[in-house]
Amino acid sequence: MSFTVYDAAIPSSNDALNSLLSILKKGQASPVADKLPSAKLYDDMLPLTFQVHIVCDTVQKMVARTTGAEPQKWENNLRSFDDMYARIAQAQEVLERADKATINDKAFATVPLGIRGKEIQIPSVGYIGAYGLPTIFFHLSMTYAIMRNQGVPLGKSDYLGAFMAQHLPKE
């Protein structure tokens, strides 16, 4: 059995979305839930809703780019937990439709990446490993950090739980 580009990108992205859901649900259940959507870690950073938007938008763009499709234009219009949950569900639907054979066949096809106001062409595998997954994990971590900073009782297992679930023995 070989490990493929699809195997590196799609399951990890799905786990990240499930981790994001778990973290958001804990935040929504906390006493500070009302202020979380607009909360920031630092004044010059963007709020929690933006972090969720970027995780989801990067997931859909990564699938589109690696399958040769044009990414959808998702508005950064999240304002509430319900908005964030709906966007995560959209991203999960994109992952469910991701075609393994197409992603693997196009692993070394060049794809566009907008960076620093310019568009460059990089191999699909580079888009996944050097941009897509790091961006997803960065903004997932920022979501976690913003909520911890606001007093939400999160721990490492809240972040890692979705990634570890399929590897742990069933009780």
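Buried means under 20% relative accessible area, exposed means over 50%, and partly exposed is in between (1.4 Å probe, protein chains only). Keep that handy for the tour.

This is a predicted model, where local features need pLDDT of at least 70 and side-chain atom pairs count only at pLDDT 80 or more, while totals for chains, interfaces and linings use all residues. Residues are numbered from 1 along each chain as its sequence is written, and side-chain values use heavy atoms, with hydrogens and water left out.

**Stop 1: α2 and α3**

Select residues 48-67, helix α2, and residues 81-97, helix α3. Helices here are DSSP runs (H or I, at least four residues), numbered from the N terminus. The two axes come within 9 Å and cross at roughly 15 degrees; axes are lines fitted to C-alpha atoms over the stretch in contact, and angles run from 0 to 180 degrees between N-to-C directions. That is why α2 and α3 are roughly parallel to each other (angles under 35 degrees count as roughly parallel).

Now show side chains. From α2, L48, T49, V52, H53, C56, V59, Q60 and V63 meet M84, R87, I88, A91, V94 and L95 of α3, contact being heavy atoms within 4.5 Å. By class, this contact has ten nonpolar, three polar and one charged residues. Ala, Val, Leu, Ile, Met, Phe, Trp, Tyr, Cys and Pro count as nonpolar, Asp, Glu, Lys and Arg as charged, and the others, Gly among them, as polar.

**Stop 2: a ring pair in α3**

Stay on α3 and pick F81 and Y85, a tilted aromatic pair at 6.2 Å centre to centre with 40 degrees between the planes. Rings of Phe, Tyr and Trp (its six-membered ring) pair if their centres lie within 6.5 Å; planes under 30 degrees apart count as stacked, over 60 as edge-to-face and the rest as tilted. F81 is buried at 6% relative accessibility, and Y85 is buried too, at 16%.

**Stop 3: α1 and α6**

Jump to residues 5-28, helix α1, and residues 156-164, helix α6, which pack at about 145 degrees with axes 8 Å apart. Among the α6 residues that meet α1 are Y159 and F163.

**Stop 4: rings on α5 and α6**

Keep F163 and add F137: this pair is edge-to-face, 5.9 Å centre to centre, with 65 degrees between the planes. F137 lies in helix α5 (residues 124-149) and F163 in α6, so the pair ties together parts 26 residues apart in sequence. Which of the two is buried? F163 is, at 14% relative accessibility, whereas F137 is partly exposed at 26%. Finish by adding Y144 and Y159: with F137 and F163 they form one aromatic cluster.

Note on methods
Helix = DSSP H or I, 4+ residues; strand = E, 2+ residues; numbered from the N terminus. Parallel < 35°, antiparallel > 145°, perpendicular 65-115°, else oblique.
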